[in-house]
Amino acid sequence: RDRATVRLLLASGLSREATRRFTQSALPGLPPAPDPQALAEASARGFDDLLDFAPTPVGHQCTFVVGPPGCGKTTTVAKLVAHASKNGERPVVFATTDRYRVGSHEQTRVFTRCMGVREAYIEHFGDLSAVLRESGEQAAVFVDTPGIGAGNSDRLQELAELRRLIPAAAVALLVPAGVHRREAQRILDRFTPVEPTCVGFSRIDDCALPGELVTALAGRGLPLAFFTTGPSVPDDLEAASPRSLAALLLRAGSGAISKPEVKHP
């Protein structure tokens with residue numbers, strides 16, 4: 001049983017060191033033939049010791065969504081806005097600071113019209129303070145931001161200054177599926193100046209090796225909050241938990257092992 005679990009986790013992209021830490025927490029004390037419930041609980045315990053977890057960030061007055069180009073920030077903001085507004089208990093604002101991507105304002109307008117929430121455009125630092133003031137303390141303002149690549153130090157500095165205006169804000173950093181653990185680590189390092197409060201793994205349905213992302217995040221003390229799993233708003237967003245993460249990695253490992261080996265002529 002131990003060897004089978006280790007094999008699945010390694011096949012999912014989890015590093016040997018992270019897998020060792022998982023097994024030390026999860027597997028001791030399990031009976032030789034555990035039932036599915038016991039195995040699920042043990043797996044959840046193992047990931048609870050490996051990573052920190054946080055609630056999906058929909059309860060703050062201001063939430064920034066940040067990340068590299070092409071990681072799905074705008075669609076993720078739409079999903080968070082939809083979740084925050086579904087009960088109609090508080091005003092919700094979909095704000096964007098993205099002045100660089102062609103069509104970003106049009107995409108925001110489509111989402112806000114469909115969801116019936118207010119849209120706002122942040123071009124100057126004072127604009128965000130004004131939006132928060134006008135919306136009121138009970139409102140939830142979600143801020144879409146431009147994608148920031150490794151060479152965009154000016155944009156990163158501008159975003160860090162905007163974030164410092166709202167020290168109590170939540171900052172969700174998206175790490176996209178499909179990157180190697182070293183690239184995921186570089187993304188996490190790059191966005192340190194904006195002081196993320198949680199991480200979301202985006203487009204996880206396209207990821208054959210989600211363990212690579214988990215390996216990059218393990219030990220940082222930065223909690224995992226959610227996964228995005230497709231383009232549908234608001235459905236394709238799942239809260240992260242030790243149990244959901246265990247299911248994701250074991251499923252990915254099983255899929256990787258079951259794929260037939262391709263033989264080249």
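Aspartate 236 is buried, yet it has no salt bridge. The nearest side chain of opposite charge belongs to lysine 79, and it is 5.1 Å away. Why does that not count as a salt bridge? A salt bridge needs a side-chain nitrogen of Lys or Arg within 4 Å of a carboxyl oxygen of Asp or Glu, and here the separation is 5.1 Å. Keep in mind that this is a predicted model.

Where does aspartate 236 sit? Look in the loop between β7 (224–228) and β8 (237–239). Leave aside its neighbours within four places in sequence. Aspartate 236 is then in contact with Lys79, Phe227, Thr228, Thr229, Gly230 and Pro231. So lysine 79 is in contact with aspartate 236 because contact asks for heavy atoms within 4.5 Å, while the salt bridge is still missing.

Now step back to the whole chain. Its secondary structure comes to 10 helices and eight strands. Buried residues make up 50% of the 265 residues. Take the contacts between residues at least 6 apart in sequence. Of these, 75% join residues at least 24 apart.

Next, the interior. In soluble globular proteins, nonpolar side chains tend to be buried together. The largest nonpolar core in this chain has 56 residues. Which residues have the most contacts inside it? They are Val175 and Phe201. Phenylalanine 201 is in contact with Val175 itself, and also with Leu213, Val214, Leu217, Leu224, Phe226, Phe227 and Thr228, again leaving aside neighbours within four places in sequence. Apart from this core lies another, of 19 residues. Among its members are Ala78, Leu80, Ala84 and Leu237.

Two helices are worth a visit. Helix α6 covers residues 125–135, and its buried residues are Leu128, Ala130, Val131, Leu132 and Ser135. What do they pack against? Their partners are four strands, β1 (62–66), β2 (92–96), β3 (118–121) and β4 (140–144), along with helix α7 (153–164). Just after α6 comes glycine 136, with a positive phi of about 95°.

Helix α10 runs over residues 242–258, 17 residues in total. From its first C-alpha to its last it reaches 24 Å, close to the 24 Å expected at 1.5 Å a residue. Its buried residues are Pro242, Ser244, Leu245, Ala246, Leu248, Leu249, Ala252 and Gly253.

Finish with helix α2, residues 16–26. Phenylalanine 22 has its place there. Is phenylalanine 22 buried or exposed? It is buried, because its relative accessible area is 1% and the cut-off for buried is under 20%. Leaving aside neighbours within four places in sequence, phenylalanine 22 is in contact with Thr5, Leu9, Ser43, Gly46 and Phe47. Its C-alpha is 7.3 Å from that of aspartate 49, although the two are 27 residues apart in sequence.

Threonine 23 is also found in α2. With a relative accessible area of 16%, threonine 23 is buried too. Its side chain reaches the backbone oxygen of arginine 20 at 2.9 Å. Beyond four places in sequence, threonine 23 is in contact with Val6 and Pro28.

Alanine 26 is in α2 as well. Its relative accessible area is 0%, so alanine 26 is buried. Not counting residues up to four places away in sequence, alanine 26 touches Ala42, Ser43, Arg45 and Gly46. The C-alpha atoms of alanine 26 and aspartate 48 are separated by 9.4 Å, and these residues are 22 apart along the chain.

Technical notes: Residues numbered from 1 in each chain as written. Predicted model: local features only at pLDDT ≥ 70, side-chain atom pairs only at ≥ 80, totals over all residues. Heavy atoms only, no water. Helix = DSSP H or I, 4+ residues; strand = E, 2+ residues; numbered from the N terminus. Buried < 20%, exposed > 50% of the residue type's maximum accessible area, 1.4 Å probe, protein only. Lys, Arg positive; Asp, Glu negative; His and termini not counted. Core = buried A, V, L, I, M, F, W, Y, C linked by side-chain atoms within 4.5 Å. Polar contact = N/O pair within 3.5 Å; in protein donor to acceptor, adjacent residues only side chain to side chain. Expected span 1.5 Å × (residues − 1).
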